[in-house]
Amino acid sequence: MKKILYILATAICLLTSCGEKELPIPERIRGDWFCESTSLNSTKVSVYVTFTQDSFTLFQKIGEGAYRVYQGTYTLDTDASGAYVLTGQYNDGTPWGAEYILESTSNNVITLTAEGITETYTRVSGGIPAEVRNSATAVKSSATEEVRFL
């Protein structure tokens, strides 16, 4: 009987430890993410973003247009209430349009909230699709009239 209980206890330990380990939010944000939104004047926006340790690459498509690529740096801090605040700046020196409150319920979902708008990003397994990366046009200047999603 003790052997059966030992085997059962071992099996339970193995099964419960095989799940995905929840990472701290500063580590959880790193990776490739996708968001499809309609919060930009009811226009469909598709966004892929890669966060590394302190930089980002943003691929955005507004409406039926082509993907545009923006790059820059970001900072993830906590405010006085303990909430995570995400801010950033594009490589041309333009700051993001807002500060975002970042929340995450799992390793595969992050939520960014700013000025009453909430966008949910899901982790992209296998990375950002090659057709998005290969077809995107790099934007290097703030002289463009296009709205930037972040």
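**Exercise 1. In which strand is Ile101 found?** Work out its setting in this predicted model.

*Solution.* Start with the secondary structure: Ile101 is found in strand 6, which covers residues 100-106. Next, check its surface. Partly exposed covers the range between 20% and 50% relative accessible area. Ile101 has 31% relative accessibility, so Ile101 counts as partly exposed. Then look across the fold: the C-alpha atoms of Ile101 and Ala114 are 6.6 Å apart in space, with their positions 13 residues apart in sequence. Finally, list the contacts, leaving aside neighbours within four places in sequence. Ile101 touches Asp79, Ala83, Tyr84 and Val85, and also Thr111, Leu112 and Thr113.

**Exercise 2. Stay in strand 6 and describe the surroundings of Ser106.**

*Solution.* Ser106 has its place in strand 6. Now follow the side chain: the side chain of Ser106 reaches the backbone nitrogen of Asn108 at a distance of 3.1 Å. For partners farther along the chain, set aside the neighbours within four places in sequence; Ser106 is then in contact with Glu22 and Arg28.

**Exercise 3. Count the aromatic pairs, then classify the pair formed by Tyr48 and Tyr67.**

*Solution.* Taking ring centres within 6.5 Å as the test, the count comes to seven aromatic pairs. For Tyr48 and Tyr67, the ring centres are 6.1 Å apart and the planes meet at 55°, so this pair is tilted. Now place the partners. Tyr48 sits in strand 2 (residues 43-51) and Tyr67 in the loop between strand 3 (55-62) and strand 4, so the pair ties together parts 19 residues apart in sequence. For the surface, the cut-off for buried is under 20% relative accessible area. Tyr48 has 11% relative accessibility, so Tyr48 counts as buried. Tyr67 also has 11%, so Tyr67 counts as buried.

**Exercise 4. Repeat the analysis for Phe51 and Tyr74.**

*Solution.* Geometry comes first: the centres of Phe51 and Tyr74 are 5.0 Å apart, with 75° between the planes, and the pair is edge-to-face. Next comes location. Phe51 is in strand 2 and Tyr74 in strand 4, 23 residues apart, and the pair links these distant parts of the chain. Then check accessibility: Phe51 has a relative accessible area of 3%, so Phe51 is buried. Tyr74 has 8%, so Tyr74 is buried.

To round off the rings, which residues do ring pairs link into a cluster? They are Phe56, Tyr70, Tyr90, Trp96 and Tyr100.

**Exercise 5. Describe the second largest pocket by its volume and lining.**

*Solution.* The volume of the second largest pocket is about 160 Å³. Its lining has eleven residues, and those nearest the centre are Tyr70, Gln71, Asn91, Val139 and Lys140. Strand 4 (residues 68-78) supplies the largest share of this lining, with three residues. Sorted by chemistry, the lining holds five nonpolar, three polar and three charged residues.

**Exercise 6. Is Arg68 buried or partly exposed, and which residues does Arg68 contact?**

*Solution.* Begin with its place, which is in strand 4. The relative accessible area of Arg68 is 28%, so Arg68 is partly exposed. Now compare sequence with space: Arg68 and Ala138 are 70 residues apart along the chain, while their C-alpha atoms are separated by 5.8 Å. Beyond its neighbours within four places in sequence, Arg68 is in contact with Leu58, Phe59 and Gln60, together with Thr137, Val139 and Glu146.

Definitions and conventions. Residues are numbered from 1 along each chain as its sequence is written. This is a predicted model: local features need pLDDT of at least 70, side-chain atom pairs count only at pLDDT 80 or more; totals for chains, interfaces and linings use all residues. Side-chain values use heavy atoms; hydrogens and water are left out. Helices (H or I, at least four residues) and strands (E, at least two) are DSSP runs, numbered from the N terminus. A polar contact is a pair of N or O atoms within 3.5 Å; within protein, one must be able to donate a hydrogen and the other to accept it, and residues adjacent in sequence count only if both atoms are side-chain atoms. Contact means heavy atoms within 4.5 Å. On a 1 Å grid over the protein atoms alone, a cavity is a set of points where a 1.4 Å probe fits but cannot get out, and a pocket is an open set with protein on both sides within 12 Å along at least five of seven lines; lining residues have an atom within 4 Å of a point. Grid points are joined across faces, edges and corners, and a volume is the space filled by probe spheres set on the points. Ala, Val, Leu, Ile, Met, Phe, Trp, Tyr, Cys and Pro count as nonpolar, Asp, Glu, Lys and Arg as charged, and the others, Gly among them, as polar. Rings of Phe, Tyr and Trp (its six-membered ring) pair if their centres lie within 6.5 Å; planes under 30 degrees apart count as stacked, over 60 as edge-to-face and the rest as tilted. Buried means under 20% relative accessible area, exposed over 50%, partly exposed in between (1.4 Å probe, protein chains only).
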